[in-house]
Amino acid sequence: MMFTTPDLCDRYSGTHHLQIAEPIFRRFGGNSAFSGCVTTLKIFEDNVLLRTVLEEKVEDRVLVVDGGGSHRCALLGGNLAKLACDNGWQGIIVYGCIRDSLEVNRLPIGIRALHTHPLQSHKKSGGDRDTLVTFAGINFRTGYYVYADEDGIVVAEDRLV
Ligand SMILES: O=C([O-])CC(=O)C(=O)O
């Protein structure tokens, strides 16, 4: 699928309830651009539910993880990123940190995260799936469409391209 986020902004800003993310993310993963239908997840310093969701085989989906912006551990590393690739996830946007960034950068998936952190998260299994999550100035809902490239991230209620 061919798109650029500047083109999408030029074409759709003010329509389709287009939302444009604040530029707070770093890019990881081998694919610098990705898009797909959103699945939301809200977790905090605990990634058991993240693994459960990434174990599902999907098509054309991007996982949006509200990790509360924590800079105290990593929610995702090489193993989970590999699992996501194998199961068809196009991308993962993490409002939080990841680790194993060199390994993650070799995988054919798009990742956005705030930072890297070397420590793994807790394993308690808390969190919520498919709820409204809000970060970077965007309200994300399961079923919305997200488009990310080297210039930014935009979200619409419907598929744009
Ligand atoms: O297992 C974890 O907590 C995260 C991780 O390091 C990985 O995905 O490789």
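User: Let's start with one pair: which residue in E4 is the bridge partner of Leu 41?

Analyst: Happy to! The bridge partner of Leu 41 in E4 is Val 65. Keep in mind that this is a predicted model.

User: What makes E3 and E4 a pair of strands?

Analyst: Two strands need at least two bridges between them to pair. Strand E3 (residues 34-42) and E4 are joined by six bridges, so they count as paired. The two strands run parallel.

User: What lies between them in the β-α-β unit, and what is its handedness?

Analyst: Helix H2 (residues 48-54) joins E3 and E4 in that unit, and the unit is right-handed. The word refers to the view with the strands pointing away from the viewer: the path from the first strand over the helix to the second runs clockwise.

User: How do you know that E4 also pairs with E6?

Analyst: Again by counting bridges: E4 and strand E6 (residues 89-98) share six, in the parallel sense, and a pair needs at least two. One place to look is Val 64, which stands opposite Ile 93 in E6.

User: Why is strand E4 called largely enclosed by the rest of the structure?

Analyst: Because six of the six residues in E4 (residues 61-66) are buried. Both faces contribute: Arg 61, Leu 63 and Val 65 point one way, Val 62, Val 64 and Asp 66 point the other way, and all are buried.

User: What makes strand E11 mostly covered?

Analyst: Four of the five residues in E11 (residues 145-149) are buried. E11 is joined to E3 by four bridges, and these two strands run antiparallel; Gly 36 stands opposite Val 146 in E11.

User: How is E11 connected to E12, and in which sense do they pair?

Analyst: A hairpin joins E11 to E12 through two residues. E11 and strand E12 (residues 152-156) pair over five bridges in the antiparallel sense, and Tyr 145 has Ala 156 in E12 as its bridge partner.

User: Over to the ligand. Which residues surround it?

Analyst: The ligand is surrounded by Asn 47, Leu 76, Gly 77, Gly 78, Asn 79, Leu 80, Arg 99, Asp 100, Gln 120 and Ser 121. Helix H3 (residues 78-86) gives the largest share of this shell, with three residues.

User: What makes up the shell by class?

Analyst: The shell has six polar, two nonpolar and two charged residues. Gly counts as polar in this scheme.

User: Where does UniProt place its "binding site" feature?

Analyst: The unreviewed UniProt entry places it at Gly 77, Gly 78, Asn 79, Leu 80 and Arg 99. Although these positions are spread over 23 residues of sequence, they cluster in space, with a largest C-alpha distance of 10.3 Å. UniProt also lists Asp 100 under "binding site" in an unreviewed entry.

User: Why is Asn 79 called exposed?

Analyst: Asn 79, found in helix H3, has 12 other C-beta atoms within 10 Å. The limit for exposed is 12 or fewer, so a count of 12 still qualifies.

User: And why does Arg 99 count as buried?

Analyst: Arg 99 has 22 C-beta neighbours inside 10 Å, and buried takes 20 or more, so it passes the cut-off. Its place is in the loop between E6 and helix H4 (101-105). Leaving aside neighbours within four places in sequence, Arg 99 is in contact with Ala 74, Gly 77, Thr 116, His 117 and Pro 118.

User: How do you know that Asp 100 is buried?

Analyst: Asp 100 has 20 other C-beta atoms within 10 Å, and the rule says 20 or more, so Asp 100 is buried. Asp 100 lies in the loop between E6 and H4. With neighbours within four places in sequence left aside, its contacts are Gly 77 and Gly 78.

User: Why is Asp 86 called partly exposed?

Analyst: Asp 86, in helix H3, has 13 C-beta neighbours inside 10 Å. Exposed stops at 12 and buried starts at 20, so 13 falls in between.

User: What is notable about the phi of Asp 130 and of Ala 136?

Analyst: Asp 130 has a positive phi of about 60 degrees although it is not a glycine, and Ala 136, also not a glycine, has a positive phi of about 50 degrees. Asp 130 lies in the loop between strand E8 (128-129) and strand E9 (133-135), while Ala 136 lies in the loop between E9 and strand E10 (138-140).

User: Buried or partly exposed: how do Asp 130 and Ala 136 count?

Analyst: Asp 130 has 14 C-beta neighbours inside 10 Å and so counts as partly exposed. Ala 136 has 20, so it counts as buried.

Technical notes: Residues numbered from 1 in each chain as written. Predicted model: local features only at pLDDT ≥ 70, side-chain atom pairs only at ≥ 80, totals over all residues. Near = placed C-beta within 6 Å. UniProt positions renumbered as here; feature names shortened; annotations may be inferred. Contact = placed C-beta atoms within 7 Å.
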